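New to this one? Here is a quick briefing to read alongside the sequence and the 3D view.

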Amino acid sequence: MTDRYAVIGHPISHSKSPQIHAAFARATGQDIAYTAIEAPLDGFAATVRAFREQGGRGANVTLPFKLQACELATDPSEAARLAGAANALRFEPGDRIRAENFDGVGLVNDIQRNLGHALKGRRVLLLGAGGATRGALLPLAQQGPAALAVANRTADKAHALRADFAAHATLQSGGYADLAGERFDVVINATSAGLSGEALPLPGGLFAPGALAYDMVYGKGLTPFLRQAREAGVHALADGVGMLVEQAAEAFAWWRGVRPGTREVIERLSVPLV
Ligand code: NDP
């Protein structure tokens with residue numbers, strides 16, 4: 001029987017995950033069916049249960065259920081526990097549910113393998129202190145950056161992250177004004193500001209020569225953040241499509257034991273950054 005997987009979110013019609021996993025299944029010869037399920041806002045756990053009863057083997061989880069996915073799991077990984085959020089579930093014998101958060105490793109793989117920018121020994125800045133930053137911090141810290149900083153509109157949330165991750169990483173934290181005089185090799189926008197077209201109040205001189213500006217948002221072309229970076233003289237610009245495809249590849253490998261290639265799928269989903 002064909003093994004079933006799904007992405008569960010609300011809304012879900014925009015999701016590219018079914019397309020990505022169908023391409024992975026074709027390329028690796030895996031016999032799986034992967035669909036998108038919109039769970040009611042108050043019905044995430046019931047939706048997971050019903051999908052499992054219908055033969056589901058695992059699921060991706062997207063907004064707004066990533067926190068609930070971590071709570072629902074009987075066995076969350078360290079990455080998921082630290083992030084307080086999961087984006088992949090695997091149903092195990094009995095009632096066990098394993099949970100993972102592959103967003104951070106997807107980001108790291110995209111930056112290092114696909115874009116060819118080292119993180120080890122570099123100064124790395126994350127803008128934003130929401131779920132995406134939480135998921136990215138541990139995998140970024142594990143690459144050995146020279147500095148890892150979090151700046152957020154609400155500075156207290158950045159300070160709270162520094163405290164939460166104190167056992168795993170030495171973080172700098174603050175508001176955007178605290179970035180004055182600082183310079184970074186990799187600057188990652190993990191805010192949702194770009195979705196509403198707003199630019200961030202970034203000080204001049206933030207980008208080191210040869211810096212990478214990375215926006216986790218994808219499919220929007222040149223976002224306000226990427227435009228700011230380009231105007232500051234940055235040539236290496238990337239959106240989050242590679243992160244999306246790389247986290248999907250991690251989940252696929254976790255479920256199926258075979259890692260698909262990502263390059264073709266990234267190329268197919270990329271939109272020009274203009
Ligand atoms: P959250 O809602 O958890 O966090 C939002 C963050 O954005 C907060 O830090 C918030 O600051 C900040 N923010 C929102 N509006 C503004 C603004 N106008 N000016 C300055 N800061 C602002 O979102 P997530 O962390 O889950 O997601 C962040 C982004 O990352 C989204 O665009 C999402 O689509 C993208 N993403 C991409 C992925 C991929 O695979 N490519 C995976 C996961 C996320 P404050 O705390 O002050 O409110």
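**Where to start**

Let's begin with Pro11, which sits in the loop that runs between strand E1 (3-9) and helix H1. A cis peptide bond, with omega at about 0°, links Pro11 to His10. Keep in mind that this is a predicted model. The chain has a mean pLDDT of 96, with 100% of its residues at 70 or more, and the predictor gives the complex an ipTM of 0.98 and a pTM of 0.96.

**The loop before H1, and H1 itself**

- Lys16 is also in the loop between E1 and H1.
- With 18 other C-beta atoms within 10 Å, Lys16 counts as partly exposed, because buried would take 20 or more.
- Lys16 and Val241 are 225 residues apart in sequence, yet their C-alpha atoms are 10.0 Å apart in space.
- Helix H1 covers residues 17-28, and at 1.5 Å a residue its twelve residues should span 16 Å; the end C-alpha atoms are indeed 16 Å apart, so the two agree.
- The buried residues in H1 are Ser17, Ile20, His21, Phe24 and Ala25.
- Those residues cover an arc of only 135° around the axis, so they are on the same side of H1.

**Another cis bond, and the annotated active site**

- Leu63 and Pro64 are joined by a cis peptide bond too, again with omega at about 0°.
- Why point these bonds out? Most peptide bonds are trans.
- Pro64 lies in the loop from strand E3 (56-61) to helix H3 (66-72).
- Lys66 is in H3, and an unreviewed UniProt entry marks Lys66 as "active site".
- Is Lys66 buried or exposed? Lys66 has 25 C-beta neighbours inside 10 Å, so it counts as buried.

**What UniProt marks as domains**

- The unreviewed UniProt entry puts "domain: Shikimate dehydrogenase substrate binding N-terminal" at residues 7-88.
- That span, 7-88, is 43% helix and 23% strand, and its end C-alpha atoms lie 9 Å apart.
- The annotation "domain: SDH C-terminal", also from an unreviewed UniProt entry, covers residues 240-268.
- Residues 240-268 are 76% helix and 0% strand, with 14 Å between the end C-alpha atoms.

**Helix H9**

- H9 takes in residues 241-256, and its 16 residues should span 22 Å at 1.5 Å a residue; the end C-alpha atoms are 22 Å apart, so that checks out.
- How many of the 16 residues of H9 are buried? The count is 14, so H9 is largely enclosed by the rest of the structure.
- Gly257 comes just after H9 and takes a positive phi of about 75°.
- For context, most residues other than glycine have a negative phi.

**Around the ligand**

- Which of the 25 residues around the ligand come nearest? They are Gly130, Ala132, Arg153, Thr191 and Gly240.
- Helix H6 (131-141) and H9 are the elements that give two or more residues to this shell.
- Sorted by class, the shell around the ligand has eleven nonpolar, ten polar and four charged residues.

**A few more spots to click on**

- Asn101 is in the loop between strand E6 (97-100) and helix H5 (103-114).
- Asn101 has 32 other C-beta atoms within 10 Å, so it is buried.
- Asn101 and Pro76 are 25 residues apart in sequence and 8.8 Å apart in space, C-alpha to C-alpha.
- Gln142 is in the loop between H6 and strand E8 (147-151).
- With 16 other C-beta atoms within 10 Å, Gln142 is partly exposed.
- From Gln142 to Gly204 it is 62 residues in sequence and 29 Å in space, C-alpha to C-alpha.
- Ala208 belongs to strand E11 (residues 207-215).
- Ala208 is partly exposed, with 16 other C-beta atoms within 10 Å.
- Asp95 is 113 residues from Ala208 along the chain, and their C-alpha atoms are separated by 50 Å.

Notes
Residues are numbered from 1 along each chain as its sequence is written. This is a predicted model: local features need pLDDT of at least 70, side-chain atom pairs count only at pLDDT 80 or more; totals for chains, interfaces and linings use all residues. pLDDT is the predictor's confidence in each residue, from 0 to 100. UniProt positions are given in the numbering used here, feature names are shortened, and annotations may be inferred rather than shown by experiment. Helices (H or I, at least four residues) and strands (E, at least two) are DSSP runs, numbered from the N terminus. The expected span of a helix is 1.5 Å times one less than its number of residues. A residue is buried if 20 or more other C-beta atoms lie within 10 Å of its own, exposed if 12 or fewer, and partly exposed in between; C-beta atoms are placed from the backbone. A residue is near a molecule or strand if its C-beta atom, placed from the backbone, lies within 6 Å of it. Ala, Val, Leu, Ile, Met, Phe, Trp, Tyr, Cys and Pro count as nonpolar, Asp, Glu, Lys and Arg as charged, and the others, Gly among them, as polar. The arc is that of the directions from the helix axis to the C-beta atoms.
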